[in-house]
Amino acid sequence: MTNILSGLTVIDVTQNVAGPFCSQMLGDLGATVIKIERPGYGDDTRHWHPPLWGGESSTFLALNRNKKSLCVDLNHPEGQKIVHQLCESADIFIHSLKPGSEESRGLGYEQLSETNPALIYAAISAFGDMGKMKNKPGYDPLIQAYSGIMSLTGNEGDDPARVGVSINDMATGMWSLIGILSALHQRNQTGKGCKVANSLLETGIAWVTLQLSTYMASGNLPKKMGTGMATTAPYEAFRTKGDQWAIIAAGNNRLFKNLCAALQMPELVEDPRFESNSDRVQNRKELHRIIEECTLGYEVDDLVSLMAEYNVPSSPINTLDRVLRDEQVNALAMIKPVEDFRVSDFRMVDLPFRINEERGNLQSLPPLLGEHTNEILNSLNYSKEILEQLKSKSIVG
């Protein structure tokens, strides 16, 4: 797996989260990724701090391993020419420029595929590349609001709450990767490239598939459910000793019976209010109250262990310090320490899948701004004199 995409070259004109996450995964799979950055400034995430990790943005470090940094001014014709030259022999081009602005820079699909018909061109935008909002900028919380995700997040009656992770950004990176890999498969059959288009909004709409289906079927707007789920119960968080919490997911009759046995409340199984899943959903609040009166007598880890004995799915609500120490997380070896890096005690979160028991390939650590400019332009046969001229005009850096 470490070389599964070896030999492929990616030109990456993205920044922030979605695009860099996509191109990092391509690099993890063995591709050579050339990251195009603005001279003197670079990717916006280089400036997203605190916190700093060894003097660098932890966000940038998390999303940009396995890349080479080339600083090019895309607003200058000479800078656009450099990207064109790179794309003539590249396999994949990814950008997150506003729809239309890539064509104005000569970096549209038709413009690049004219000299490289095998190029796979991936465009990532906020609201899509059609419709009246196509040119609007967008970030993860905007899309969580616009797609309806925020209307479903939190407890009933609470102020709007954002999902605590960049769910649209990172999933957009994954959807783009799926599209790119599909296009590679097609190219292996036809020899031709194609355009892959994806947006944060399309990702957001995909996330609310179940809730949209429920609304279209019933006409009733879904409500905020906190940790619960509208279609099954008990399937939510319960308080334990010391103001700790555990999720219990007894999503069918068998698991509910096991839960009642574990908590020594067999009478609930025969209670007509809780006989079926539909009954339990209808009487969710009363069922929650009864169960929580019992769970409050347990330490959270003891409760989770008890649930495991009775084969009831359960988990503590972990904070990230517990996640880093967790035996199962460490058994999966997803969080890897890296030695001999300019950032001491650097650790990275690896790819979340394995092929033949192998995860990603660490080819190189996150680059310094413009670290590979000379190397890449030398490969395009730019002389030392021309390179110095370009640098003096801030066309490259």
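The paragraphs below lead from the chain as a whole to its two sheets, then to a run of helices and finally to a single leucine.

The structure is a predicted model, in which local features need pLDDT of at least 70 and side-chain atom pairs count only at pLDDT 80 or more, while totals for chains, interfaces and linings use all residues. Residues are numbered from 1 along each chain as its sequence is written, and side-chain values use heavy atoms, with hydrogens and water left out.

The chain contains 18 helices and 13 strands, where helices (H or I, at least four residues) and strands (E, at least two) are DSSP runs numbered from the N terminus. Its C-alpha trace spans about 85 × 50 × 40 Å along the principal axes. Of the 397 residues, 45% are buried, a term that stands for under 20% relative accessible area, with exposed meaning over 50% and partly exposed in between (1.4 Å probe, protein chains only). Among the contacts in the chain with a separation of 6 or more, 68% come from residues 24 or more positions apart, contact meaning heavy atoms within 4.5 Å.

One open sheet has 6 strands in the order S5-S2-S1-S6-S7-S8, with parallel pairing; two strands are taken to pair if DSSP finds at least two bridges between them. Strand S5 (68–71) and S8 stand at the edges with a single partner strand each, so one side of each has no neighbour in the sheet. On average, and with direction ignored, neighbouring strands of this sheet are turned by 20° against each other; axes here are lines fitted to C-alpha atoms, for helices over the stretch in contact, and angles run from 0 to 180 degrees between N-to-C directions.

Within this sheet, strand S1 (residues 9–13) pairs with S2 in the parallel sense over 4 bridges, and Asp12 stands opposite Lys35 in S2. S1 also pairs with S6 in the parallel sense, over 4 bridges, and there His95 in S6 is the bridge partner of Val13. Helix H1 packs on the sheet, where it touches S1, S2, S6 and S7, and its direction makes about 155° with that of S6. Helix H3 (residues 77–88) lies across S1, S2, S5 and S6 and runs at about 150° to S1. In strand S2 (residues 32–37), 5 of the 6 residues are buried, so S2 is largely enclosed by the rest of the structure.

Helix H7 (residues 167–190) has 24 residues, which at 1.5 Å a residue should span 34 Å, and its end C-alpha atoms are indeed 34 Å apart; the expected span is 1.5 Å times one less than the number of residues. The buried residues of H7, including Asn168, Asp169, Leu177, Ile180 and Arg187, pack against helix H1 (18–28), strand S6 (92–95), strand S7 (120–125), helix H6 (140–146), strand S8 (195–199) and H8. After H7 comes Gly191, whose phi is positive, near 80°.

The axes of H7 and H8 come within 9 Å and cross at roughly 100°, which makes H7 roughly perpendicular to H8; angles of 65 to 115 degrees count as roughly perpendicular, under 35 as roughly parallel, over 145 as roughly antiparallel and the rest as oblique. In this contact, Ile167, Asn168, Asp169, Ala171, Thr172 and Trp175 of H7 meet Leu200, Thr203, Gly204 and Trp207 of H8. By class, the contact has 5 nonpolar, 4 polar and 1 charged residues, with Ala, Val, Leu, Ile, Met, Phe, Trp, Tyr, Cys and Pro counted as nonpolar, Asp, Glu, Lys and Arg as charged, and the others, Gly among them, as polar.

Helix H8 (residues 200–207) in turn meets helix H9 (residues 209–218), their axes coming within 5 Å and crossing at roughly 60°, which makes H8 oblique to H9. Ile205, Ala206 and Trp207 in H8 meet Thr209, Gln211 and Leu212 in H9, and the residues of this contact divide into 4 nonpolar, 2 polar and no charged.

Another open sheet, of 3 strands, has the order S9-S10-S11 with antiparallel pairing. Strand S9 (235–239) and strand S11 (314–316) are at its edges, each with a single partner strand, so one side of each is left without a neighbour in the sheet. Strand S10 (residues 245–249) is joined to S11 by 3 bridges, and Ala246 stands opposite Pro316 in S11.

Leu324 lies in helix H15 (residues 320–325) and is partly exposed, with a relative accessible area of 41%. Leaving aside neighbours within four places in sequence, Leu324 is in contact with Asn330, Ile335 and Arg347.
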